[in-house]
Amino acid sequence: MVIIEPHIHMFSRTTDDYQAMYEQGIRVTVEPSFWLGSQRRHAGTFWDYFECILDFEAQRAERFGIDHYANIAVNPKEAEDKALAHETIDGMDAYWEHERCLAVGEIGYNLITPNEEEVFMRQLEIAKARNYLVMIHTPHDTPQVSKRKGVERTIAVLRELDYDHDRIIIDHNTEDTMDLTRAADTWAGMTVYPYSKLNPVRAIDILKKWGLEKTMVNSSADWGVSDPTTLPKIAGHMRENGFTDAQVEQLLFTNPHAFYRQSGKFEPRLDLPFIHPSTYQR
Ligand SMILES: [Zn+2]
């Protein structure tokens with residue numbers, strides 16, 4: 001079965017990961033922009049990073065038989081330095097217009113602050129004006145922040161924006177937020193981790209309760225404890241829980257394909273050859 005991984009940070013992964021992903025059926029990856037682990041101080045370092053995930057990462061993936069795309073944005077975690085965020089966005093057109101950029105993302109809330117909201121809104125308005133797809137990050141539950149509040153605030157902002165909800169995915173849903181996202185009728189993402197946050201058992205329960213329509217799952221694998229072969233494992237869990245092969249294919253291929261196709265740039269090559277590292281030219 002061919003799998004599309006709609007949200008993964010390959011920038012932080014190794015070639016062993018690409019090899020394992022290929023062997024387990026992943027043929028397409030989409031890499032949203034994310035926080036690199038330390039506060040960036042220059043707009044240029046954002047722009048160089050965007051170029052890296054749009055160009056270099058696509059070349060790296062291709063050797064492993066995987067067609068790689070990216071989503072471009074200033075992440076909510078990087079919105080507190082407002083001047084820097086705006087300067088960065090001022091210079092982002094070329095990256096959004098890149099043939100491998102499929103959406104504006106991840107944008108949204110991290111701690112639900114006014115600065116985050118300003119940077120979120122500006123990027124949403126650009127997306128609406130140019131008819132871009134949008135990937136929205138939602139906050140993780142912490143003692144200070146509630147994911148549900150973040151999703152509620154996100155939906156309120158989207159209502160004000162009045163942009164086609166079929167072109168928007170609200171990501172990182174859990175059993176605490178699926179009712180909100182379903183009612184808003186955007187696409188719903190779920191990020192599945194091996195242990196923390198949303199594990200596979202909980203994800204399967206959510207799928208049973210809320211169905212597969214306009215839904216995508218992802219591993220989001222980055223530098224933290226995460227697993228880039230989560231989606232093949234989800235396929236196995238789904239079959240064990242009575243989902244049909246057609247339903248597995250809907251969730252892991254048809255749905256992400258339908259969402260990203262709306263970008264007008266998504267024609268993934270599913271038959272790229274895997275070039276075994278032992279055959280590389282010296
Ligand atoms: Zn992410």
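**Notebook: core and pockets**

I looked up Trp96 in the predicted model: leaving aside neighbours within four places in sequence, Trp96 is in contact (heavy atoms within 4.5 Å) with Ile72, Ala73, Ile89, Cys101, Ala103, Val104, Gln123, Ile126, Arg130, Tyr132 and Lys265.

I noted that residues are numbered from 1 along each chain as its sequence is written. Local features need pLDDT of at least 70, side-chain atom pairs count only at pLDDT 80 or more, totals for chains, interfaces and linings use all residues, and side-chain values use heavy atoms, with hydrogens and water left out.

Next I looked up the cores. A nonpolar core is a set of buried (under 20% relative accessible area, 1.4 Å probe, protein chains only) Ala, Val, Leu, Ile, Met, Phe, Trp, Tyr and Cys residues joined through side-chain atoms within 4.5 Å. The largest has 40 residues, and Trp96 is among those with the most contacts inside it, as are Ile72 and Met92. Helix H2 (residues 43-62) gives the largest share of this core, 6 residues; a helix is a DSSP run of H or I, at least four residues. Another core, of 30 residues, lies apart and includes Met21 and Val248.

Then I turned to pockets. A pocket is an open set of points on a 1 Å grid where a 1.4 Å probe fits, with protein on both sides within 12 Å along at least five of seven lines; lining residues have an atom within 4 Å of a point. The largest holds about 500 Å³, the space filled by probe spheres set on the points. Its lining has 24 residues, with Lys77, His137, His140, Lys197 and Asp222 closest to the centre. The second largest pocket has about 160 Å³ and 13 lining residues; His140 and Lys197 are among those nearest its centre.

Key
Buried < 20%, exposed > 50% of the residue type's maximum accessible area, 1.4 Å probe, protein only. Helix = DSSP H or I, 4+ residues; strand = E, 2+ residues; numbered from the N terminus.
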